[in-house]
Amino acid sequence: SSSVKQRGVGSIETDVCVCSVTLGRSVCLPDSHRAENIPPEVLRQREAKWLDMLNNWDKWMAKRHKKMKLRCQKGIPPSLRGRAWLYLSGGKVKREQHKGKFEELDSQAGDPKWVDVIERDLHRQFPFHEMFVARGGHGQQDLYRVLKAYTLHRPEEGYCQAQAPIAAVLLMHMPAEDAFWGLVQICEKYLPGYYSAGLEAIQLDGEILFTLLKRVSPLAHRHLKKHKLDPILYMTEWFMCAFSRTLPWVSVLRVWDMFLCEGVKIIFRVGLVVLKCMLGSQDKLKTCQGQYETMELLKTIDTRYMQEGFLVREILELPVSELDIEKEHLASVRRWKETRGELHCKSLPRMHGAKAIMAAEPPSRQDLRQNPTIIVESPLATKSNGEDKERKNTKEQKNGKKNSSPTQVAAYLEPSEPSPLLKDTALLGSNQSLSSTEYDTYL
């Protein structure tokens, strides 16, 4: 089957099937619904722009956030997506502020109650992806490490099955330690309370979605209300897995680019687009005259509405803001207390995107500093520096001084020499997975 090239941890390029994975089922899309073709020169330009943003993250967040948001909406270059996600989510800052924390959690045994459930779930996550296809392979081992570490990090919350696909998507783009901090940020900042016992937060957001639907598509709202379809029946997997188990892969990536930048409003918009497109006209409703038929229709979303270009346009055009969500959240909490009493789960306040997260916990310059492993100088700069050094050496020799500076290593190796990052050493265990500071496989 056809595939697109998606950069992954441990290799420069890996084949990722363009499909929607739902309950282990692969739904391949027609060619017209696949990744948008971006000319290589445009992609290189975008990479250069993103590298500049990553090198000056605090300045861009403070002064040019609108431009950054626009670039996330256009799609983050695949080669830099993992690093960008880590910066957007605040995972990079968390990792720097808690150095050694993941290794400490990773070395602990874990609660047997959660460990058993996690182990049973490993093979269910993206079973067609090469990282997770092998039982006990390095992808599954790293997924186990990340999920187990989270149960130790938040023992009062433990493990929820919907966290596994979230962690798996992160692991496709970054090493285990980075994926752990990305998961922490998503669970605590973007979707707080989603994975706690009782699922109160997801039920509240289901009510918010249903209320917003009345404004976006009154027809769809009336249909769902008529057949008494509680939002929890159809939106739970969408929201808790951030659509990672619902949409085609290329669309998942675009949604996550915007979600990690702008927050949960993107997830609400995707849900509203799907409901509007699937239930928003009389013709569509003719095929689903009851509760069962409606549920079946929402389980098999028309591929036209999941196509990358169409979906992104619809998301951006939908007028649903953070203020709309917060306003409806307060109303939902009030209704909950009136009908069901106090909430049992006191979750952390929700952060609406990267800017809000950074404002709540301002990082230091050191926290944002990148640790590149390969530094390539500009050929022009190298030539200029070489001429300067030659003049300096000539001058020093005239003065009787020796040149004590070490010989500069060439930026590019000879073709016959093996790359120092590609030594032929066996990967003995999951603990030898790529470290974000030791091996940087991204640009």
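Buried, in this talk, means under 20% relative accessible area. Keep that cut-off in mind, because several calls rest on it. And a caution up front: this is a predicted model.

Let's start with the overall picture. The protein has 23 helices and four strands. It runs to 443 residues, and 51% of them count as buried. Now the contacts between residues at least 6 apart in sequence. Of these, 76% join residues at least 24 apart.

Next, the cysteines. How many disulfides does a search of the whole structure find? Zero. Take Cys-187. Cys-187 is in no disulfide, and the nearest cysteine sulfur belongs to Cys-160, 8.6 Å away. Is Cys-187 buried or exposed? Its relative accessibility is 3%, so Cys-187 counts as buried. Cys-241 is also unpaired: Cys-160 again supplies the nearest cysteine sulfur, here at 8.1 Å. Cys-241 has 4% relative accessibility, so this residue counts as buried. For scale, a disulfide needs the two sulfurs within 2.5 Å.

On to helix packing. Two packed helices are described by the angle between their axes and the distance between the axes. I have two pairs to show.

Pair one is α13 with α15. Helix α13 covers residues 231-240, and helix α15 covers residues 265-279. Their axes come within 10 Å and cross at roughly 140 degrees. That angle makes α13 and α15 oblique to each other. The cut-off for roughly antiparallel is over 145 degrees. The crossing of α13 past α15 is right-handed. Who makes the contact? From α13, we have Tyr-234, Trp-238 and Phe-239. From α15, we have Ile-267, Phe-268, Gly-271, Val-274 and Leu-275. By class, that contact has seven nonpolar residues, one polar and no charged.

Pair two is α3 with α14. Helix α3 is residues 65-74, and helix α14 is residues 249-262. Here the angle is about 160 degrees, and the axes are 8 Å apart. So α3 and α14 are roughly antiparallel to each other. Their crossing is left-handed. On the α3 side, the contact uses His-65, Lys-69, Cys-72, Gln-73 and Lys-74. On the α14 side, it uses Arg-254, Asp-257, Met-258, Cys-261 and Glu-262. What is the make-up of this contact? Three nonpolar, two polar and five charged. Set that beside the contact of α13 with α15, where no residue is charged.

Stay with His-65 for a moment. His-65 sits in helix α3. Its relative accessible area is 14%, so His-65 is buried. Which residues does His-65 contact, leaving aside neighbours within four places in sequence? Trp-60, Cys-261 and Lys-355. We have just met Cys-261, on the α14 side of the packing with α3. Lys-355 is a long-range partner: 290 residues separate it from His-65 along the chain. Yet their C-alpha atoms are separated by 7.6 Å.

Now a covered helix. Look at α9, residues 163-171. How many of its nine residues are buried? Nine of nine. In order, they are Gln-163, Ala-164, Pro-165, Ile-166, Ala-167, Ala-168, Val-169, Leu-170 and Leu-171. What covers them? The cover includes α4 at 81-89, α8 at 138-153 and α10 at 176-190. It also includes α13 and α14. Both of those helices appeared in the packing pairs, α13 with α15 and α14 with α3.

Last topic: backbone torsions. Most residues other than glycine have a negative phi, and most peptide bonds are trans. Two residues here have a positive phi.

Phe-126 is one of them. Its phi is near 45 degrees. Where does Phe-126 lie? In the loop between α7, residues 112-121, and α8. With a relative accessible area of 8%, Phe-126 is buried.

Leu-199 is another. Its phi is near 50 degrees. Leu-199 lies in the loop between α10 and α11, the latter being residues 200-216. Is Leu-199 buried or partly exposed? Its relative accessible area is 29%, so Leu-199 is partly exposed.

To recap. The search found zero disulfides. The α13 and α15 pair is oblique, and the α3 and α14 pair is roughly antiparallel. Helix α9 is mostly covered. Phe-126 has a positive phi, and Leu-199 has one too. That's it from me.

Conventions:
Residues numbered from 1 in each chain as written. Predicted model: local features only at pLDDT ≥ 70, side-chain atom pairs only at ≥ 80, totals over all residues. Heavy atoms only, no water. Buried < 20%, exposed > 50% of the residue type's maximum accessible area, 1.4 Å probe, protein only. Axes fitted to C-alpha atoms, helices over the stretch in contact; angles between N-to-C directions. Parallel < 35°, antiparallel > 145°, perpendicular 65-115°, else oblique. Left-handed = near helix turned anticlockwise from the far one by under 90°. Contact = heavy atoms within 4.5 Å. Nonpolar A, V, L, I, M, F, W, Y, C, P; charged D, E, K, R; others polar.
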